[in-house]
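Hi,

Here is the structure I promised to pass on. Have a look at it first, and then read my notes below.

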Amino acid sequence: MIIRPGLSAWFIHHPVATLLLTAAAALLGLFALPQLPIAPLPDTEFPTIQVSANLPGASPETMASSVATPLEVQLSSVPGIQQMTSTSALGSTSITLQFVLGKDIDAAAQEVQSAINTATARLPVDLPNLPRWRKVNPADSPILVLRVQSDYMPLTQQKPALRIQAAPERLAAYELTLADVRSVVQQASVNRAKGAIVGERRASTLDTNDQIFSPEEYDRLVVAWRDGKPIMLKDVAKVSFGPENDYARAWQNGKPGVSFIIRRQPGANIVEVTDRILENLPTLKAMLPATVEVDVLNDRTRTIRASLHEVELTLMVSIVLVILVMSLFLRRLAATLIVTAVLGIALVSTFAAMYALGFSINNLTLVALVIAVGFVVDDAIVVVENIHRHVEAGEPAREAALQGASEIGFTVVSISFSLIAAFIPLLFMGGIVGRLFNEFAMTVTAAILISMVASLTLAPSLAARFMKPIARHTSESNTLPERMVEFYDRTLRWALHHQRTMLAIFLCTIVIAIAGYVYIPKGFFPLQDTAFLFGTTQAAQNISYDEMVEKHARLARIAVQSYGHAVGATGGSQTLANGRFWVVLKDRSDRDVSIFEFIERLRPKLEQIPGIVLFFRAAQDIFLSSVGGVSRTQYQYSMKSSDSALVAEWADRLTERLARIPELRDVSNDLQRGASVTKLTIDRTAAARFGLSAADIDQTLYDAFGQRQISEYQTETNQYKVILEIDPRQRGRVESLAYFHLRSPLTGEMVPLSAVTTIAPPSSGPLSISHNGMFPAVTVSFNVAPGVALGEAVDLISQAEAELGMPSTVVGSFLGTAQAFKETLATQPLLILAALLAVYIILGVLYESFVHPLTILSTLPPAGIGALFLLWLWGLDFTIMSLIGLVLLIGIVKKNGILMVDFAIDAERRLGLSPEEAVYRACLTRFRPIMMTTIAAMLAAVPLMIGFGTGSELRQPLGIAVFGGLLVSQILTLYTTPVIYLALDRVFHKKAARPAATRPAWAK
């Protein structure tokens, strides 16, 4: 929609209405600002659900075949699943379902629950609990990590339970079995309905001591009678309180304790949730014993708040720099204040638009405002400068405002709408990048529209009121702006006299820009220094629990300031051979190295501890993983096949090959087939002779070694398991199997386990089994070396795969962040072309011409060269943030062309000037607003380019791309744009030769 000059005139004639409407818009923004939620980034979660099931003691093969597979078969029928992966380990299965972005997570949850219900009939009957599901966000790190410690109370990483530890030799002496103990315990403690006595006058509820709660009560249970004397449970077992899982522990700063990992629900406000938890933490502490200490190990909002604070400072610095530029060129207090007022109103009112659109204050929306400072102010500068030019010519302020706004109105609309057009492709982008930058694009668009309206209404109204008529003094010709115009006039004449040379330079810029984009290293998102490290340990797959604890303690001595670590199947890890570390660093301003340099510094020390490897990755605001956020490195590559042995063979080959590539770090895979397996061969004939079955033998082994949950006791607040096992001193010895006896159903006699089984020497077996889309799969994890782009790593992996000659039956694909990078890389050229096409269409409609948009778009190749060259000079990859900077440049730099072309077209049509004279006058007349707007945009990007403060890694590439693009584009397009205008005019608008007298001023 084109705003007619009459719009500005109405507001010039109604200053009170203008001020009141402007004040209303500002008040809306000020009201909306404190209501906006705070987040590190826009809401980007994938609809993801994680299903988990536990069967303590079950082998990985049992969990994969009897639990994971039935669940996967039913879950595969749920519509909208984009990716389904699973991991089965000793006693646990975890299945991650990642849905397409448009899937409603609540509807998906209902469908998942229905699939679980259907699969229940095919699951093991002794599964303690039905499979559970929860919503997760693979792009999210924990918002809080709490540590709980006590010097006087035992604290474990697991839920409390009551543990019955039987002595096999005592059971044998009394001719008892573990099955006898299990049966007695299960029948001794129940919690069932008992009814009530309802009489004529009163009713009384029946109650009994059917539940027992303490170890002492369990000790007195009678297991059997021998020679008229009771055999109590304490005679054959030790009963005590302990954890549900005896093979999981956590430490913080070297002291045993409990780690609480708190994640937000999808869609929740991170800062608000964290504040509410911290607000209620004192109340929770007061409910705990005085000897229990609870404090915060890591608060994610610490870096989020610091990052947002740095962006706010960046915004203020940008505003100040822009105002200084305006005062330098305009040299009038009134004109500077008017532009400043429009800038302030546009920015404040944008908060109201963000509130109406449901956006948050985050790094990207604030960066959008920082960048907007540079080109939102363009409209006001162009309008005020044009009015100022008429005032300098001696016209009264009111007439200057009417005339200046009338002349420049169409130009302002052209600049604004063509700038918005560059963001149209961002608004329609799909995937994670589209989710991220939708708020960015809409925030910039809102700021541009508000700025356009304010520039055509508030600016002329204030100018008519406060800009005083002035006379031009000859002494002003010595000012810096005047000297710049004189220099530009001389150099412009040379360029117009050498048009072929300038056209050749322009063609070279196109070639260089394309080549630069092709060869610059590509990345996804810049890695951030969040002062928080995730660590994953990997030890020998047959390592014992005690040895794993000892090795973790040695690793912990290398950690710094604040850390926590855990061993066992908790916190996303499912095996004893893998543990977890959390390391909290000081704020970046208090450290002499970045988080990535810190990791490199630790490597030599960590390598000195044999038998265990610690993989570190820095927590990121943008982290994509197919396994619910649990990953030992930043990037993953998946291999799958219908043949598990084949995929295992090629996974080892590829991992070994990638480990030799110096550009890659921490290469490993999750193929764990080195676990020690003690196999008992059942003599079915001998067993049948005693009336025993394979199930009887399995049950006995499960009772002894599976931490079997045989019962539970219930309180008003929770339920606690009763665990049956053998004495811990014998739990780790194969020789203890000699003590086991089974009771023959035929004769009632005790049958030694050795009579029906043969123990084979230990062999190797899987520690965990992974599936991807129901196929056996292996995930290769890797980081990249410092200075290596993700695009280079992806190419190296593809090259290694080709060199090895991997068969087609093994399918390889990138996962998580690497997968999103490949998808985005393929669409980058299309995004740039779409932005160019959108701008061309808008300009063509506005100018009713196929030719003039080409002249305006000719400003873009130099901008691309500048952006790519400065990124290369800074040693940065071409990331998504750099791409957004390039899209911004498409919208910003064509402003130079619009200002020139718009004036030249008007001069040709209204004044009857030749194209040569018209474009020459356009260049000189519009030189000052071009310089003002370009320098303003460049200075707005300077604080981003410098990259100071927390989270600057995410912002810096965008600032560098914008600054470099504007710098080079400004230098070249001041000379190439008029030449291209004339060249296209000669090709598409051929006219009769003009007499020599009509030659332009620059040619005389």
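D666 is buried, with a relative accessible area of 14%. You'll find D666 in strand β20, residues 664-669. The backbone there is a bit unusual: D666 has a positive phi, near 55°, and is a residue other than glycine. Keep in mind for everything here that this is a predicted model.

A531 is another one to look at. A531 also has a positive phi, about 65°, although it is not a glycine. Is A531 buried or exposed? With a relative accessible area of 2%, A531 is buried, because the cut-off for that is under 20%. A531 sits in a loop, the one between α16 (499-519) and β15.

Now for the chain as a whole. There are 1004 residues, and 55% of them count as buried. The secondary structure comes to 30 helices and 31 strands. Along its principal axes, the C-alpha trace spans about 135 × 80 × 50 Å. If you take the contacts with a separation of 6 or more, 80% of them are between residues 24 or more positions apart.

Next, the sheet with β15 in it. Which strands make it up, and in what order? It is an open sheet of eight strands, ordered β14-β5-β13-β12-β16-β17-β15-β18, and the pairing is antiparallel. The edges are β14 (292-299) and β18 (612-618); each has a single partner strand, so one side of each is left without a neighbour in the sheet. On average, neighbouring strands of this sheet are turned by 30° against each other, direction ignored. As for what holds strands together in general, they pair through backbone hydrogen bonds, either parallel or antiparallel.

At the β18 edge, β15 (residues 532-539) and β18 run antiparallel and are joined by seven bridges. To find one of them on your screen, go to Q538, whose bridge partner in β18 is V613. Two helices are worth a look here. Helix α9 (residues 270-286) packs on the sheet and touches β5 (144-150), β13 (255-262) and β14, with its direction at about 170° to that of β14. Helix α18 (residues 595-606) lies across β15 and β18, and runs at about 175° to β18.

α18 and β18 turn up again in the second largest pocket. Together with β30 (775-784) and α30 (952-988), they each supply at least two residues of its lining. The space in this pocket is about 1100 Å³. There are 45 lining residues, and those nearest the centre are P526, L527, F596, P786 and G787. How does the lining divide by residue type? There are 21 nonpolar, 15 polar and nine charged residues.

α30 also helps to cover another helix, α28 (residues 915-925). In α28, eight of the 11 residues are buried, so the helix counts as mostly covered given the under 20% cut-off. The buried ones are P915, E916, E917, A918, V919, Y920, A922 and C923. What covers them includes α15 (480-497), α27 (880-911) and α29 (927-946) as well as α30.

Closer to the start of the chain, strand β1 (residues 48-54) is mostly covered too, with five of its seven residues buried. β1 pairs in the antiparallel sense with β3 (residues 92-99) over seven bridges, and also with β4 (residues 132-136) over five bridges. For landmarks, N54 has S92 as its bridge partner in β3, while V51 has W133 in β4.

Two more buried residues to finish with. T457 is in helix α14 (residues 431-466), and its relative accessible area is 8%, which counts as buried. What does T457 touch, leaving out residues up to four places away in sequence? The contacts are L7, F11 and T18. T457 and A24 are 433 residues apart in sequence, yet 14 Å apart in space, C-alpha to C-alpha.

The other is D703, in helix α21 (residues 694-705). D703 has a relative accessibility of 1% and counts as buried. Leaving out residues up to four places away in sequence, D703 touches L178, A179, R182, R708, L724 and E725.

Cheers

Terms used
Residues are numbered from 1 along each chain as its sequence is written. This is a predicted model: local features need pLDDT of at least 70, side-chain atom pairs count only at pLDDT 80 or more; totals for chains, interfaces and linings use all residues. Side-chain values use heavy atoms; hydrogens and water are left out. Two strands pair if DSSP finds at least two bridges between them. Helices (H or I, at least four residues) and strands (E, at least two) are DSSP runs, numbered from the N terminus. Axes are lines fitted to C-alpha atoms, for helices over the stretch in contact, and angles run from 0 to 180 degrees between N-to-C directions. Contact means heavy atoms within 4.5 Å. Buried means under 20% relative accessible area, exposed over 50%, partly exposed in between (1.4 Å probe, protein chains only). On a 1 Å grid over the protein atoms alone, a cavity is a set of points where a 1.4 Å probe fits but cannot get out, and a pocket is an open set with protein on both sides within 12 Å along at least five of seven lines; lining residues have an atom within 4 Å of a point. Grid points are joined across faces, edges and corners, and a volume is the space filled by probe spheres set on the points. Ala, Val, Leu, Ile, Met, Phe, Trp, Tyr, Cys and Pro count as nonpolar, Asp, Glu, Lys and Arg as charged, and the others, Gly among them, as polar.
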